[in-house]
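Q: Could you take me on a close look at the packing around one residue, and at the open and closed spaces beside it? I would like the cut-offs spelled out along the way.

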Amino acid sequence: MTLLKDAPSRPAPAGDRPKAGRRPRAKGAGGQFHAGRLAYALIALVTVVSLFPLVWTAIAASRDNTRLAESPPPFWFGSNLPRNLDIAWHDANLGLALLNTAFVAGSIALGTVLFGTIAGFAFARLRFRFRTALLMLTIGTMMVPPQLSVVPLFMAIAELEWTNQLQAVILPTFVSAFGVFFMRQYLTQALPGELVEAARVDGAHSLRIVWHVVFPVARPAMAVLGMLTFVMAWNDFFWPIIALTQQNPTVQVALTGLGRGYIPDQSVIMAGALLGTLPLLLVLAVFGKQIVGGIMQGAVKG
């Protein structure tokens with residue numbers, strides 16, 4: 001035992017020793033893994049491909065129609081961006097269009113998140129008759145093409161005298177089957193049934209459970225659903241172009257007015273598209289970090 005204790009330690013084999021000037025990669029629980037060069041190259045490629053349409057829109061908006069018609073097209077910015085933005089802003093009445101679109105998209109997102117969370121909680125944790133049948137019926141509405149409902153829907157808003165009014169765009173999509181299904185799937189995993197039962201034992205009624213238990217648990221999914229719904233409502237074109245006119249437009253309806261004429265000015269159209277895209281980029285820049293943080297928080301809690 002004394003010989004083993006006093007024996008000098010043998011140096012580690014060359015293959016097991018870390019190379020000089022190079023940190024070993026951390027492994028195991030809590031270790032930080034470093035991506036290789038191929039992963040960074042793929043990320044850079046995806047980033048460039050994703051940003052190219054936006055960059056091209058800005059380049060086209062800074063040129064004139066004659067230069068855009070030439071071959072090869074321009075690949076750098078010109079000097080006509082302020083002029084084209086001013087023309088698009090006044091010709092398409094984009095000031096009113098942006099306000100209308102923000103109100104419409106915000107209302108639809110709020111309604112979808114609120115009622116989708118309540119309905120999702122009901123389908124996930126409450127027991128009532130025909131629950132499965134009602135859920136299947138709700139999901140089944142997602143399989144009906146929206147084009148089939150245009151004629152009866154337009155007849156309904158015409159009967160209500162809502163033509164060219166914003167409620168004609170808001171109410172038909174105020175609650176979505178996708179939102180109900182999305183929140184139901186999330187709450188099934190993230191909301192334990194024991195937590196609801198404990199709240200009932202403490203004397204809480206259903207609305208109090210929804211406010212104090214369901215909403216805090218569902219906050220990450222609500223943020224994601226709200227963002228997705230807001231973007232979809234902002235970019236919606238099919239139904240607003242039917243229900244609204246150029247006198248009370250959303251952004252997508254207003255941009256159709258820029259494409260009229262014998263020879264549409266593509267640079268002005270691109271300037272209008274750029275103005276209509278900037279608010280979405282601003283929302284993503286302001287709330288993107290909070291939404292991603294909410295997703296990660298929900299993933300850890302689940």
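What follows is a walk from the nonpolar core around Trp234 to the cavity and the pocket.

A: Happy to! This is a predicted model, in which local features need pLDDT of at least 70 and side-chain atom pairs count only at pLDDT 80 or more, while totals for chains, interfaces and linings use all residues. Residues are numbered from 1 along each chain as its sequence is written, and side-chain values use heavy atoms, with hydrogens and water left out.

First, the setting. The chain has 14 helices and zero strands (DSSP runs numbered from the N terminus, helices being H or I of at least four residues and strands E of at least two). Of its 302 residues, 30% count as buried (buried is under 20% relative accessible area, exposed over 50%, partly exposed in between, with a 1.4 Å probe and protein chains only). Among contacts between residues at least 6 apart in sequence, 71% join residues at least 24 apart (a contact is heavy atoms within 4.5 Å).

Now to the core. The largest nonpolar core has 30 residues, and Leu94 and Trp234 have the most contacts inside it (such a core is a set of buried Ala, Val, Leu, Ile, Met, Phe, Trp, Tyr and Cys residues joined through side-chain atoms within 4.5 Å). Helices that each supply at least two of its residues include H5 (94–125), H11 (206–235) and H14 (266–301). The largest share, seven residues, comes from H5. Apart from this core lies another, of 18 residues, including Val196 and Val210.

Trp234 itself deserves a closer view. Leaving aside neighbours within four places in sequence, Trp234 is in contact with Leu98, Thr101, Ala102, Ala105, Val251, Gln252, Gly276, Pro279 and Leu280.

Trp234 also helps to line the largest cavity, together with Val104, Val169, Ala233, Asp236, Pro240, Thr250 and Gln252. Gln252 is thus both a contact of Trp234 and part of that lining. By class, the lining has five nonpolar, two polar and one charged residues (Ala, Val, Leu, Ile, Met, Phe, Trp, Tyr, Cys and Pro count as nonpolar, Asp, Glu, Lys and Arg as charged, and the others, Gly among them, as polar). The volume of this cavity is about 30 Å³, and a search of the whole structure finds one cavity of 30 Å³ or more.

For the grid details: on a 1 Å grid over the protein atoms alone, a cavity is a set of points where a 1.4 Å probe fits but cannot get out, a pocket is an open set with protein on both sides within 12 Å along at least five of seven lines, and lining residues have an atom within 4 Å of a point. Points are joined across faces, edges and corners, and a volume is the space filled by probe spheres set on them.

The largest pocket holds about 960 Å³ of space. Of the 27 residues that line this pocket, Pro146, Pro172, Thr173, Val175 and Ser176 are the closest to its centre. H11 gives the most to the lining, with four residues, and the lining divides into 19 nonpolar, seven polar and one charged.

Finally, two loop residues. Asn93, in the loop between H4 (81–91) and H5, has a positive phi of about 55° although it is not a glycine. Asn164, in the loop between H7 and H8, also has a positive phi, near 65°.
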